[in-house]
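Q: Could you take a close look at one residue on the surface of this predicted model, and then go on to some of the charged pairs? I am in my first year, so please take it step by step.

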Amino acid sequence: MARYILTRLLSLLISLTVASAVIFALIEIIPGDPAAFMLGINAQDDTIAALRAELGLDTSPLERYFGWVSGMVTGDFGTSYTYRTPISEMIAERLWISLPLALIALALSTLIAFPVGILAASKRGSLTDTIVMGFTQLGVAIPNFWFAMLMVLVFAINLRWFSAGGFPGWDEGLFTGLKALTLPAISLALPQASILARVMRSALVDTLDEDFMRTARAKGLNRRQAIQRHALRNAMIPVLTIIGLQFSFLLAGAIIIENVFFLPGLGRLVFQAISQRDLIVVESVVMLLVFAVIVVNFAVDIAYVLVDPRLRRQG
Amino acid sequence: MKFKALTSAAALVVLAGTAQADTGLIVGLQLEPPHLDPTSAAAGAIDQVLYSNVFEGLTRFGPDGSVNPGLAASWDISEDGLRYTFNLREGVAFHDGTAMDAEDVVFSLDRARAEDSTNAQKALFAEIEGVEAVDPTTVRVTLSTANGSFLFNMAWGDAVIVASESIENIKTNPVGTGAFKFSNWVQGDQIELVRNEDYWGTPANLETATFKFISDPTAAFAAMMAEDVDVFYSYPAPENLPQFEADARFEVLVGSSEGETILAINNLMEPFTDVRVRKAVAHAIDRQAIIDGAMFGLGTPIGTHFAPHNPDYVDLTSNSQYDPELAKSLLTEAGYPDGFTTTLKLPPPSYARRGGEIIASQLRAVGIQTEISNLEWAQWLEQVFRGKDFGLTIVSHTEPFDIGIYARPEYYFQYDNADFQSLIKDLTAETDPAKRSELIAMAQTIISNDYVNGYLFQLAVPTVVKAGIQGIWSDAPTQAIDLTAVSWSN
Amino acid sequence: MKTNRNLVVGAALTGFFTIAALISFLWVPYDIEALNIADRMKTPSFSHLLGTDHFGRDILSMVMIGARTSIAVALVAVGIGMGLGVPLGLAAAARKGSLLDELIGRGNDLVFAFPSLLIAILITATFGPSALNAIIAIGIFNVPVFARLTRGSALSIWKRDFILAARVSGKNSAQISVEHILPNLSSLLIVQGTIQFSLAILAEAALSYVGLGAQPPTPSWGRMLADSQTMISLAPHLALAPGLAIVFTVLGLNLLGDGFRDVFDPRLRRGRT
């Protein structure tokens with residue numbers, strides 16, 4: 001067991017190293033000079049050179065790569081080219097929006113998906129099942145940014161219940177903050193809820209067919225009791241796996257929604273940083289997201305093995 | 001009694017609430033400044049927020065684009081135009097309490113023209129040979145060659161006076177001499193300014209000024225409609241303006257800007273080296289259709305690279321009337337009876353993206369095929385502006401009085417005409433207003449006759465204002481939102 | 001009977017948009033390259049069934065040609081994913097437990113760990129926006145999907161008796177993979193391919209919505225949505241037609257995928273995500 005964990009740890013380190021190199025290389029070859037971008041069209045060449053020197057862009061890529069990696073190991077992400085503030089501070093500030101947004105969306109999606117999935121599974125084959133599952137098919141097919149646009153049209157422009165975008169800051173009060181995140185969270189949650197409901201249903205249906213469920217029914221439990229006592233627990237593994245996947249997706253995948261609603265979150269930070277060629281910010285945020293996924297995967301792998309050593313050679 | 005007391009308390013609260021609101025102003029802006037130092041970046045958003053409000057220069061722009069005294073109350077110019085003696089205002093202090101004197105002017109100008117300067121408009125300072133403090137309120141600037149627009153140059157946001165004491169943190173905590181002090185910046189959302197109670201001049205009417213950054217046009221529309229912002233400066237979606245005009249709560253000001261929007265042509269790329277081909281492009285374009293289609297009617301057609309509201313403007317639009325038949329015959333004459341294919345690279349603003357699709361369709365009608373690529377600004381700067389890898393592009397040149405770029409053969413559209421270059425040299429040295437006007441008219445005519453670029457329209461600046469606000473500049477002679485004279489009428 | 005309903009509805013929707021795309025090569029109601037500003041933002045009428053856009057172009061014609069763009073980009077992207085992913089998966093299965101297997105497995109994990117939309121944006125920032133770069137960006141993230149699926153299913157087939165027989169007859173593992181394993185995977189790959197196809201249509205829409213897909217004047221559904229965004233309060237129909245086109249195409253493909261699954265192997269009823 002210890003040896004297994006050790007090899008997995010080694011491969012984790014290798015993955016992270018490869019990832020950092022890939023990210024750095026990918027971002028390094030993007031054409032466009034941050035200094036030229038910042039100084040605009042009337043800038044003279046010597047001015048651009050001076051700014052490049054000020055930003056530390058005149059050193060070799062290899063030097064910058066090692067500077068970046070060694071900084072990150074000690075928790076120092078460097079300083080943004082455009083904003084001239086420490087990147088770790090910027091990320092922390094943006095996380096205060098992205099993290100709550102992802103959590104609310106996830107909570108919403110779970111709250112919708114569980115009852116819907118259970119309902120459909122327990123009435124498998126019925127008209128209810130068909131209708132509910134039809135809606136989830138639709139939910140999976142709707143592009144979330146389009147759904148967001150429609151919600152802005154209805155709830156922000158026509159009804160004026162919500163503002164169409166922006167984030168007033170948590171200083172303005174919890175309610176104001178949550179209100180600003182409502183429409184974005186719903187747009188993010190809808191497709192996720194549909195997916196989760198479908199997974200929930202099929203996982204439940206699968207367990208309903210298994211022997212222990214027949215035994216449970218034979219023991220005199222009715223369908224509802226059987227589902228509550230036995231099937232749900234067994235269906236949780238695929239459902240939790242999907243929830244875990246969705247969380248990392250929501251954190252990174254909210255870029256478009258953050259742009260539609262103009263939320264100053266992590267996604268918009270990267271999007272802006274790319275167009276401003278604030279490359280060091282892009283590198284750090286992408287690395288952070290990749291790091292999060294790789295480490296979570298690692299933890300999940302280890303957890304599975306601890307629970308069931310037979311799983312070791314799969315995957 | 002109790003009830004009455006309660007209601008009057010409520011009334012008081014309401015009154016206090018409105019009074020509070022009336023002395024503050026929330027200005028919507030599309031772009032957020034990357035940082036707050038107007039002297040080391042090109043981002044127009046920095047000037048929009050800070051110029052004249054927080055930072056001031058020796059001279060300053062008036063609402064009509066005239067150059068007025070700023071921190072310099074007056075000046076003397078030597079006979080040969082080489083020596084400027086500025087008499088600074090007395091008793092001016094920076095927001096941190098330190099005095100603004102001649103040493104600060106020397107520091108600011110020397111910093112801007114230094115070897116390692118990161119000033120985006122370093123050319124403004126190119127003729128300065130020396131800056132010296134004669135006494136605390138007198139500064140003498142010596143030029144290497146006479147420059148008729150030196151006072152104009154000193155009014156730019158890139159030439160504002162900063163202090164050596166506060167320069168280190170200028171990017172996050174700007175300290176100037178203006179009627180407003182920087183208060184707070186919530187990155188990604190807003191910047192707050194508060195009134196400078198110790199201002200040397202007429203103090204501002206507004207107690208606070210908040211700039212809110214809303215880049216998305218839909219969000220801008222909703223924010224304005226919900227009255228979350230009081231003014232939206234340079235409103236990004238002209239298609240929505242009729243809705244504001246129809247609403248009694250709002251007023252729409254359409255002002256002129258310095259933005260000549262052109263279809264820039266790579267003069268060194270085949271087949272555009274042939275003036276007949278450039279002329280054909282110019283005649284293939286229907287300006288009015290572009291103004292209607294891309295800007296929903298907002299904008300003034302131009303026939304040369306000059307702002308129509310300027311008294312020296314010459315209307316040369318008839319030089320390039322929409323005439324597709326003429327365009328076709330010019331192409332045949334130039335040896336392209338079946339047209340040709342070129343690239344059309346478009347930066348992000350909607351005038352370029354929408355205008356580009358319309359121009360592509362108009363050019364196709366005379367046989368010129370275009371491959372459109374939509375670029376980000378960084379890509380545009382790299383490929384088009386620095387790399388000169390383009391056939392056609394659309395861009396608005398927003399710098400005031402920038403016809404001089406046609407005298408720089410290395411400039412991205414690569415127009416090289418010795419006559420024009422010597423004309424601009426004469427113009428720069430000329431200080432007599434009448435003669436200057438004459439030279440300016442000649443310059444406009446030369447580039448129009450050479451069909452250097454396709455001249456489309458002067459960008460208009462629509463500002464949506466809540467009714468009852470006075471003193472907003474409708475024109476944009478510079479990229480600044482001068483709030484010093486803004487007030488609510490009650 | 002329920003099984004066939006998925007298949008029938010899915011095939012009908014998919015067929016509808018495919019046919020619309022095919023017809024657009026030969027005929028569309030109006031020439032979309034000629035703009036007619038005077039006629040812009042008209043609501044649906046008999047002359048323009050879906051109305052006109054902000055340049056006065058016929059939206060029906062735009063949606064038809066947009067279908068072509070979406071389908072072509074998605075098809076090629078999934079093709080890339082399959083073309084690279086399936087051989088990788090077969091190789092990993094054939095050399096189970098080897099260094100190659102480990103490398104492919106970890107490589108898959110690594111690709112999965114990257115935020116796909118961000119990487120797509122970076123790719124277009126590097127090479128410029130075009131339909132081709134959208135295809136590459138979407139294609140890359142399809143590779144590990146097919147590689148994992150192929151490896152997993154191939155492993156179970158390797159255990160079957162007829163493979164042993166093939167081994168005994170002297171075939172090497174590459175031959176076995178191609179001649180015996182792959183044919184047994186075909187129905188599974190068709191099902192997954194259909195699903196990935198629908199995801200690729202969504203991805204293409206998202207990319208062109210942020211301005212990174214096919215460039216104008218080639219219409220694309222995502223860009224039509226982006227263009228309509230500021231006009232949504234003036235003319236909501238501009239946003240409805242392309243949006244619904246995306247929804248129904250994706251819906252059709254998903255139903256088709258489910259239908260295929262039911263037809264090929266009722267036991268292959270894995271939770272669709």
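A: In this predicted model, C:Ile23 has a relative accessible area of 36% and counts as partly exposed, because that value lies between the 20% limit for buried and the 50% limit for exposed. C:Ile23 belongs to helix α1 of chain C, which covers residues 2-26, and together with C:Ile19, C:Leu22, C:Phe25, C:Leu26 and C:Trp27 it makes up a nonpolar patch on the surface, whose accessible area comes to about 720 Å².

From this patch we can turn to charged side chains. Side chains of opposite charge can pair when their charged atoms come close. Over all chains, the structure holds 35 salt bridges, and one of them, in chain C, joins C:Asp101 and C:Arg151 with 2.8 Å from N to O. C:Asp101 sits in helix α3 (residues 99-113) and C:Arg151 in helix α5 (residues 131-158), so that the pair links parts of chain C that are 50 residues apart, and both residues are buried.

Chain A offers another case, in which A:Asp129 and A:Arg201 form a salt bridge with their closest N and O atoms 2.9 Å apart. These two lie in helix α6 and helix α8 of chain A, 72 residues apart; A:Asp129 is buried at 1% relative accessibility, and A:Arg201 is buried at 15%.

In chain B, the side chains of B:Arg111 and B:Asp37 meet at 3.2 Å, N to O, in a salt bridge. Here B:Asp37 is buried, with a relative accessible area of 0%, whereas B:Arg111 is partly exposed at 25%.

How values were computed:
Residues are numbered from 1 along each chain as its sequence is written. Chains are lettered from A and ligands numbered from 1 in the order in which they are written. This is a predicted model: local features need pLDDT of at least 70, side-chain atom pairs count only at pLDDT 80 or more; totals for chains, interfaces and linings use all residues. Side-chain values use heavy atoms; hydrogens and water are left out. Patches are made of residues with over 30% relative accessible area and no salt bridge: like charges are joined within 9 Å, nonpolar side chains (Val, Leu, Ile, Met, Phe, Trp, Tyr) within 5 Å. Accessible areas come from the Shrake-Rupley method with a 1.4 Å probe; for residues, only the protein chains shown count as cover. A salt bridge is a side-chain nitrogen of Lys or Arg within 4 Å of a carboxyl oxygen of Asp or Glu. Helices (H or I, at least four residues) and strands (E, at least two) are DSSP runs, numbered from the N terminus. Buried means under 20% relative accessible area, exposed over 50%, partly exposed in between (1.4 Å probe, protein chains only).
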